[in-house]
Amino acid sequence: MSRATTAYLLTCAAIGVAGGVMLWGATALSTLLFAVVPFVSVGLAGLWLMPAVIALRLIERPLAGLLVGLISGLVVFPYLATNLWWAFFAELPFLIVLYRSWRTWQYYAGAAVVGVLYPILAAVSFDLASMTIGAQVGFFALSVASCVGGTALGIVIADRLRRAGVAKLARRRGLAGRGLGRGSGPAGQH
């Protein structure tokens, strides 16, 4: 693993602070929706993945998602652990392969896993046991769709930032950086 450069740390800080500010609003809206229509509040779940996905896609370096999760969690301090939890699932598919692959499907795999796991872990909060089977299936589908949608939006944002030249110095230098691969990731995979 290469050392953390100032450009890397500042890029993660900028993404983390912007993500934290976005999550202030998302937390307020989710809390309001939970009080009124709890089922619908799960539709915002994917927003918690976005900061980590943006960082991982833009920078393609180990632990970028968790660092951004930590920083965005500090911005919305009472939810520090929540932000780290969501960032972990954005990071997990890359951790499993020891950060040797940066394929687009890996982002969606992390989103699908957390999209299924979230309703299971929050079943008591949402009182899923009292819902009909159809409503439970809809709840899981909404959770997965939200996580996949938040991930897709994070990928689009990161790709546009990359095309604009943002965070060029923060990315890891790999084969693509030396002109020996497709893309600009560590091994040129996309």
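Which helices are included in what covers the buried residues of α1? Among them are α2 (38-41), α3 (50-59), α4 (64-75) and α5 (80-96). Helices here are DSSP runs of H or I with at least four residues, numbered from the N terminus.

This is a predicted model, in which local features need pLDDT of at least 70 and side-chain atom pairs count only at pLDDT 80 or more, while totals for chains, interfaces and linings use all residues. Residues are numbered from 1 along each chain as its sequence is written, and side-chain values use heavy atoms, without hydrogens and water.

Select residues 6-36. This is helix α1, with 31 residues. From first C-alpha to last, α1 reaches 44 Å, close to the 45 Å expected at 1.5 Å a residue, a span taken as 1.5 Å times one less than the number of residues.

Within α1, pick out the buried residues (under 20% relative accessible area, 1.4 Å probe, protein chains only). They include Y8, C12, G16, G20, L23, T27 and L33.

Keep L23 and add W48, P51, A52, G69, S72, N83 and A87: these residues line the largest cavity. About 30 Å³ of space lies there. Helices α3, α4 and α5 each supply at least two residues of the lining. Five lining residues are nonpolar, three are polar and none is charged.

Last, colour the chain by pLDDT, the predictor's confidence in each residue, from 0 to 100. The chain mean is 88, and 89% of residues reach 70 or more. Now select residues 175-190, where pLDDT stays under 50. Where pLDDT is low, the predicted coordinates should not be read in detail.

Note on methods: Buried means under 20% relative accessible area, exposed over 50%, partly exposed in between (1.4 Å probe, protein chains only). Contact means heavy atoms within 4.5 Å. On a 1 Å grid over the protein atoms alone, a cavity is a set of points where a 1.4 Å probe fits but cannot get out, and a pocket is an open set with protein on both sides within 12 Å along at least five of seven lines; lining residues have an atom within 4 Å of a point. Grid points are joined across faces, edges and corners, and a volume is the space filled by probe spheres set on the points. Ala, Val, Leu, Ile, Met, Phe, Trp, Tyr, Cys and Pro count as nonpolar, Asp, Glu, Lys and Arg as charged, and the others, Gly among them, as polar.
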